[in-house]
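Please open the model in your viewer, with the sequence panel alongside, and follow the stops below in order. Each stop says what to select and what is to be found there.

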Amino acid sequence: MIYLDNAATTRVCPEAAQAAMEMMTENFGNPSSTHGPGRAARDALKAARADIAASLGAKPEEIFFTSGGSESDNWAIRSGAWLRRHQGRHIISSTAEHDAVRKTLDYMESKGWEVTRLSPGPDGAVSPEAVAAALRPDTALVSLMLVNNETGAVTDIPAVSRVIRASGSPALLHTDAVQGYMKIPMSARPLGADMISLSAHKIHGMKGTGALYVRSGIQLPPLILGGGQENGRRSGTEGLPGICAFAAAAKAAQADTQSQKRMAELRRLCIDRLQSAAPELVVIGGGAPHILSLSLPGYKSEVLLNYLDGLGISVSKGSACKRGARSHVLEAMGLPTPVIDGAIRISLCRFTAEADILGLCDGLLQARDRLCRVL
């Protein structure tokens, strides 16, 4: 099998699997309990929080564990906007966000909030200048993705942060960094965001675990109420197997200092090899080293995917959360219909090998030669 759908999910790395197994079978206490096993579990939770904070250049008390990126996005937008509601009821985002953001914004609109959705440029990124032009005195929140999950386009979040601060706006800045974390250089302070969403299963951790960075001094209201876990910000017994696996995956990714360079080289190899044999191929957006969105105009992406799947090659046509729907991201970029309809997403990880890329190229070129074009 050649697996190149790592933007959807990654396989759990050995370090993460070992950490999870230990927490499930040995250190299985409830971290809120006061007895010995509970204290040991609490120590493991504290260590995991410190590891995730270190990987992000943050303080441990700024990290709050969640069930994943979608929960982190929901919490940041709903509670962040509410926190700044006295400033106004205006939110700025984009038309190219993940559905966890898009549908939360739809919900906010149903509750009386006004949302300005900026269009991405030809490269798929949202410009700081567009944000500056959209800022208003009543803007309470700006939410923009760091790395687009379909195209790999990188939005300059530090520049967006500077624009907001220079304007004197008290608006909070949230970024969905699920596809940026451990894939491009990023650190909380230089990024300048007040809230940052992370997900474990995109970096070889377990599904069902994520985190929200909340900058010190921001008293973000909780989204989930209950026993007061996570310093009263996110109630519910912490899922320690997933959390400790998350921390182990983050440490392993940090230790692999050449992974981003390797992925960028493999991405370039894929583009060069395909374009030399199929000059009509279109490369869409780009910026991040692990995501390659490309199109064979005249072919249907579903047919290409099925053909590749038959060869044991796993790629996708966009976000796994879309479940076959047309890409709103590519539509927002204003791409021609044949390009959108023939688009596929190839996504790498730090375990992707050159043989995987060469096998994909052979399979895609074979599909191009054997499949019928759409008239």
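Begin with helix α1, and select P14 and Q18, which are exposed on the side of α1 away from its buried residues; exposed here means over 50% relative accessible area, buried means under 20%, and partly exposed lies in between, all with a 1.4 Å probe and protein chains only. Before going further, please note that this is a predicted model, in which local features need pLDDT of at least 70 and side-chain atom pairs count only at pLDDT 80 or more, while totals for chains, interfaces and linings use all residues. Residues are numbered from 1 along each chain as its sequence is written, and side-chain values use heavy atoms, with hydrogens and water left out.

Now select the whole of α1, residues 14-25, whose 12 residues reach 16 Å from the first C-alpha to the last, close to the 16 Å expected at 1.5 Å a residue (the expected span is 1.5 Å times one less than the number of residues). Helices (H or I, at least four residues) and strands (E, at least two) are DSSP runs numbered from the N terminus. Colour A16, A19, A20 and M23, the buried residues of α1. Viewed down the helix axis, the buried residues of α1 fall within an arc of 95°, so they line one face of the helix; the arc is that of the directions from the helix axis to the C-beta atoms. An α-helix has 3.6 residues a turn, so residues three or four places apart point the same way. Then show α2 (36-56) and α8 (240-255), which are among the elements that cover the buried residues of α1, contact meaning heavy atoms within 4.5 Å.

The next stop is helix α4, residues 99-110, where the 12 residues should span 16 Å at 1.5 Å a residue and the end C-alpha atoms are indeed 16 Å apart. Its buried residues are D99, A100, V101, T104, L105 and M108, and their cover includes α3 (69-83), β3 (90-94), β4 (114-118), β5 (139-143), β6 (172-176) and α11 (328-332). Display the side chains of D99, R102 and K103, which are linked in a network of salt bridges, a salt bridge being a side-chain nitrogen of Lys or Arg within 4 Å of a carboxyl oxygen of Asp or Glu. Just after α4, select G112, which takes a positive phi of about 100°.

From there, go to R117 and E109, whose side chains meet in a salt bridge at 3.1 Å, N to O. R117 is partly exposed, with a relative accessible area of 29%, and E109 is likewise partly exposed, at 34%. Select D256 and R262 for a further salt bridge, at 2.8 Å, N to O, in which R262 is partly exposed with a relative accessible area of 31%. Finally, D369 forms a salt bridge with R368, with the closest N and O atoms 3.4 Å apart; D369 counts as exposed at 58% relative accessibility, whereas R368 counts as partly exposed at 22%.

Zoom out to the whole chain, whose secondary structure comes to 13 helices and 12 strands, and whose C-alpha trace spans about 65 × 55 × 35 Å along its principal axes. Buried residues make up 57% of the 375 residues in the protein chain, and a search of the whole structure finds 20 salt bridges.
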